[in-house]
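Reader: I am in my first year and would like a close look at a single part, the place of the ligand. Please go slowly, and begin with the words needed to find one's way along the chain.

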Amino acid sequence: MTTDNRGELVVLPTPAALTDEAARRFAELAEAAIQRNGRFTVALSGGSTPRALHQRLAQPPLSTAIDWSKVLVFWGDERFVPPDSEDSCFRMARETLLDHIPIPAANIFPVPTVGGTPESAANAYAETLVVQFDSQTPRFDLILLGMGPDGHTASLFPGHPEPSAPSDELVVAVHSAPKPPPTRISCTYQVLNAAEHVLFLVAGPDKAATLREVLRGPLAIARLPAQGVRPARGELVWLVDQAAAAQLSEG
Ligand code: 6PG
């Protein structure tokens, strides 16, 4: 099923089926990218939905089928908290995935959240991307995203400067986020829309009304930041569970 130019919509019956499908696609994209380029670059997201995906990837068969020595892990957004904080996306990924797979430490690129300001962290992370991709426009093989019930994605929130007046920067500091913690670092649309593949994972009934607006309603990116994700030369796929998709077929 397609949703005009807003990407491909794939509805799965349950959150567990959504996790299976996301893990299958992750492994398939990793294998293809490694065969083609010798490496797979992926940006993880925070939130609760990716936890199950991480856990699936951390167990056989995928933990052993993927060549983790060739996987480079980044974050599409991060909370500006120390890496051992319970709110840290890095900590969540470490505990659910990275500690359980044979990935070299040198392949892991957390956002530097200690010893500087949010602005200096954003600049440093942008520089890391430019260096690791050897390009001013980093093109990820895969960016994983979630969507909040208010239509935010990564740490791009309704009414905030990004997306209201999209930045030329690759990474920005975000203040006063409505979802705690309030200070965050986020990749901008410059990065999200340069990706080869973007995979949204959206589950739960609290997302249903917003998902309908994002996929079926008029374009209003400042109010619904997830609508701004439209990879220019990449594939956009929405993996959605039945509960989140509940309002999509209503007239
Ligand atoms: C974060 C995120 C954020 C998240 C959505 C969906 O730092 O919290 O990156 O954009 O992906 O809020 O979160 P859930 O998957 O928990 O609904």
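Author: In what follows, a helix is a DSSP run of H or I with at least four residues, a strand is a run of E with at least two, and both are numbered from the N terminus. Counted in this way, the protein, which is a predicted model, has nine helices and nine strands. With these labels one can say, for instance, that Asp134 lies in the loop that joins α5 (118–133) to β5 (142–145), and that Asp134, although not a glycine, has a positive phi of about 50°.

Before turning to the ligand, it helps to picture the whole. The C-alpha trace spans about 50 × 40 × 35 Å along its principal axes. Because a compact globule of 251 residues would have a radius of gyration near 18 Å, the 17 Å of this protein agrees with that expectation.

Now to the part you asked about. The space that the ligand takes is the largest pocket, and 16 residues surround the ligand there, the closest being Ser48, Thr49, His152, Ala154 and Lys207. Sorted by class, this shell holds three nonpolar, eight polar and five charged residues.

Some of the contacts can be followed atom by atom, and it is worth noting in each case whether the backbone or the side chain takes part. From Ser48 a backbone N or O atom lies 2.6 Å from an oxygen atom of the ligand. With His152 the contact is made by the side chain, where an N or O atom is 2.6 Å from a ligand oxygen. Arg184 likewise offers a polar side-chain atom, which lies 3.0 Å from an oxygen atom of the ligand. Taken alone, the ligand would expose 420 Å², and the protein buries 93% of that area.

Two of the residues just named also serve as landmarks along the chain. Thr49 was listed with the closest residues, and helix α2 covers 49–57; between α2 and α3 (62–65) runs a loop in which Pro61 has its place. The peptide bond leading from Pro60 to Pro61 is cis, with omega near 5°. Arg184, whose side chain reaches an oxygen of the ligand, carries the number at which β7 (184–187) begins, and the loop between β6 (171–174) and β7 contains Pro181. Here, too, a cis peptide bond is found, from Pro180 to Pro181, with omega near -5°.

Conventions: Residues numbered from 1 in each chain as written. Predicted model: local features only at pLDDT ≥ 70, side-chain atom pairs only at ≥ 80, totals over all residues. Heavy atoms only, no water. Near = heavy atom within 4 Å. Polar contact = N/O pair within 3.5 Å; in protein donor to acceptor, adjacent residues only side chain to side chain. Areas by Shrake-Rupley, 256 points an atom, 1.4 Å probe, with all protein chains shown as cover. 1 Å grid on protein atoms, 1.4 Å probe; cavity = no way out; pocket = protein on both sides within 12 Å on 5 of 7 lines; lining within 4 Å. Sits in = over half its atoms within 2 Å of the grid points. Nonpolar A, V, L, I, M, F, W, Y, C, P; charged D, E, K, R; others polar. Rg over C-alpha atoms; globule rule 2.2 N^0.38 Å.
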